[in-house]
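Please open the structure in your viewer and keep the selection panel at hand. The tour below proceeds one selection at a time.

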Amino acid sequence: IVTMALAAPWAWASNRASDVDLLKKVDAKYLAAKTITMDVNKTDKLAALEQTKNAEGTLQMKKGMFRLELESSDALKEKSMVIVDGKNLWYVTPPL
């Protein structure tokens with residue numbers, strides 16, 4: 001799950017009209033951007049095995065396209081990639 005915080009939490013305490021205006025401004029900013037890049041952290045909790053796996057990487061978004069690259073923080077340094085080009089979706093896991 002990727003969570004993006006686009007506005008400060010206290011902004012939601014205002015009235016409904018200003019909330020909509022704020023969301024429109026944020027939306028316009030991201031639609032105008034050529035590329036959006038952010039650092040991401042992923043945590044998998046495996047309850048049955050009582051394990052937690054962490055991974056870090058980057059997320060890039062661009063007009064109908066999406067690319068997520070992750071590398072685990074354990075000794076194996078497992079890598080994975082999700083790529084969407086607007087028509088196709090690829091999930092890539094290279095061999096260790």
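Begin by selecting residues 65-72, which form strand E3, and residues 79-84, which form strand E4. The model is a predicted one, and in it these two strands run antiparallel, joined by six bridges. To see one facing position, select Phe-66 together with Val-84 of E4, which stands opposite.

Next, select the residues between the two strands. E3 and E4 make a hairpin with six residues between the strands. Within this hairpin, display Lys-77, whose phi is positive, near 50 degrees.

Keep E4 on display and add residues 89-92, which are strand E5. How do E4 and E5 run, and how many bridges join them? They run antiparallel, and four bridges join them. Select Met-81 and then Val-92 in E5: the two residues stand opposite each other. E4 and E5 also form a hairpin, here with four residues between them. In its turn, select Gly-86, which has a positive phi of about 100 degrees.

Finally, turn to the largest pocket, whose volume is about 340 Å³. Which residues are the closest to its centre? Select Lys-42, Glu-78, Lys-79, Ser-80 and Tyr-91, which lie closest among the 18 residues of the lining. Then color strand E1 (36-46), strand E2 (51-62), E3 and E4, since each of these elements gives two or more residues to the lining. As a last step, color the lining residues by class: eight are nonpolar, four are polar and six are charged.

Terms used. Residues are numbered from 1 along each chain as its sequence is written. This is a predicted model: local features need pLDDT of at least 70, side-chain atom pairs count only at pLDDT 80 or more; totals for chains, interfaces and linings use all residues. Side-chain values use heavy atoms; hydrogens and water are left out. Two strands pair if DSSP finds at least two bridges between them. On a 1 Å grid over the protein atoms alone, a cavity is a set of points where a 1.4 Å probe fits but cannot get out, and a pocket is an open set with protein on both sides within 12 Å along at least five of seven lines; lining residues have an atom within 4 Å of a point. Grid points are joined across faces, edges and corners, and a volume is the space filled by probe spheres set on the points. Ala, Val, Leu, Ile, Met, Phe, Trp, Tyr, Cys and Pro count as nonpolar, Asp, Glu, Lys and Arg as charged, and the others, Gly among them, as polar.
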